Amino acid sequence: MAQQIDWSTLGFGYRKAPYNVRCTFQNGAWGELRVSESEEVTMHMAATVLHYGQAGFEGLKAFRGKDGKIRVFRMDENAKRMQNTCRTILMQPLPDGLFEEAIKKVVKLNEDLVPPYETGCSMYIRPVLFGTGPQVGVNPADQYEFIVFVMPVGPYFKDGFKATPCCIMRGYDRAAPLGTGRVKVGGNYAASLASGVLAHQKGYSAVIYLDARSKKFIDECGPANFFGIKGDRYVTPESESILPSITNMSIQQVAKDLGLKIEIRPMPVEELAYLDEAAMCGTAAVIAPINRIDDLDDNKVYTILPDHKPGPVCTKLYETLRGIQYGDIEDTHNWVTVIE
Ligand code: PLP
Ligand code: COI
């Protein structure tokens, strides 16, 4: 199956894998992990996921090394974040260890679909948990489904590690300050669709959302966090409405290891004028350098990389992160799990 894939043109999209794994919460308890070959889900028409958006998901990756081994990156962090998502929107959290067990199982079952090392591609792992129990009053479900499926993927932004432009559109918010921006619920992505599509139509890779309260500070970019580099400082926004990115957390550690100073604090929009480099970061996006940011309502243009080439610091961070993920660089922080 993997042999039929043209890795050089593989983008980031759904592709059927032979197996997924599932677990159901009903009658007050989570059941056993099951293996499924179906891509379908059957549920009650009054399931809370359909009406009240009771759904959360995760995204993580598996990489094949030069040594042929398969490494999954920081799945313990994704497990913790999914528990947090469950607690926030009153879904039934998973029993300890079940998330990790499901990831290991689904990757092993589909190991032929983990792309070869030389391709630079990876396996994207998508865990999703949602309310299937019926409710018409606005209440949490009493039944949940947890599914993990996988697919081989190429770069999220089609050019890979190339610098691309982003825009600021003040007419749209992704998440409210005391809302659900800090967790990975489906509704946050529904809220970002219209602005995201508009930005793509205008030729931008992503929208940089500002904090909804004051519109003065940078929150995050589409499906990724934002960071900037100024001299020897790595600066990334502190905000009550952004998703704590595991990639961002990892790059901060890599940056620290490389001798950079880390600043996590509110970032005023005007600071964009002074950055040496800027990028989006996330599991799908990895590190995606930004060459220009257009503030469409203020008619301002922030040119970050006049020659459109990724800057030296982002390049070093990208190479180091990828090196650890593919097993080329020693995993001194214990971030990877080898799938046996
Ligand atoms: N912010 C948003 C809104 C996201 O959807 C993602 C993707 O998961 C990220 C940030 C990056 O998070 P991570 O690095 O954990 O993938
Ligand atoms: C990820 O990076 O894993 C994400 O969840 C982004 C996604 C919405 C494509």
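Select helix 2 (75–88) and helix 3 (residues 98–109) in this predicted model. Helix 2 and helix 3 cross in a right-handed manner. Their axes come within 9 Å, and the crossing angle is roughly 130 degrees. That angle makes helix 2 oblique to helix 3, because the range for roughly perpendicular is 65 to 115 degrees and roughly antiparallel begins over 145.

Next, display the side chains where these two helices meet. Helix 2 contributes M75, D76, A79 and M82 to the contact, while helix 3 contributes F99, E100 and I103. Colour these residues by class: 5 are nonpolar, 2 are charged and no polar residue takes part.

Keep helix 2 selected and widen the view to the whole chain. The chain is divided into domain 1 (2–153) and domain 2 (164–326). The C-alpha centres of domain 1 and domain 2 are 25 Å apart. Where the domains touch, 22 residues of domain 1 are in contact with 12 residues of domain 2. To see which elements form the domain 1 side, select strand 4 (55–57), strand 5 (60–64), strand 6 (70–73) and helix 2, each of which supplies at least two residues. Which element provides the largest share of this side? It is helix 2, with 6 residues. The domain 1 side that touches domain 2 consists of 8 nonpolar, 8 polar and 6 charged residues.

The next stop is a second pair of helices. Select helix 5 (residues 246–257) and helix 6 (residues 312–326). They pack at an angle of about 110 degrees, and their axes are 10 Å apart. Helix 5 is therefore roughly perpendicular to helix 6, and the crossing of this pair is right-handed. In the contact, S250, I251, V254 and A255 of helix 5 meet L317, T320 and L321 of helix 6. These contact residues comprise 5 nonpolar and 2 polar residues, with no charged ones.

Helix 5 also leads to the next selection, ligand 1. Which element gives the most residues to the shell around ligand 1? Helix 5 does, with 3 residues. To view the full surroundings of ligand 1, select G59, E220, P223, A224, N225, L243, S245, I246, T247, N248, G282 and T283. By class, this shell holds 4 nonpolar, 7 polar and 1 charged residues.

Finally, centre the view on ligand 2. Its surrounding residues are G59, P223, G282, T283 and A284. How many of the residues in this shell are nonpolar, polar or charged? The shell around ligand 2 has 2 nonpolar residues, 3 polar residues and no charged ones. To relate the two ligands, highlight G59, P223, G282 and T283, which are found around ligand 1 and also around ligand 2.

Technical notes:
Residues numbered from 1 in each chain as written. Chains lettered and ligands numbered in written order. Predicted model: local features only at pLDDT ≥ 70, side-chain atom pairs only at ≥ 80, totals over all residues. Axes fitted to C-alpha atoms, helices over the stretch in contact; angles between N-to-C directions. Helix = DSSP H or I, 4+ residues; strand = E, 2+ residues; numbered from the N terminus. Parallel < 35°, antiparallel > 145°, perpendicular 65-115°, else oblique. Left-handed = near helix turned anticlockwise from the far one by under 90°. Contact = placed C-beta atoms within 7 Å. Nonpolar A, V, L, I, M, F, W, Y, C, P; charged D, E, K, R; others polar. Near = placed C-beta within 6 Å. Domains from an automatic or database assignment.
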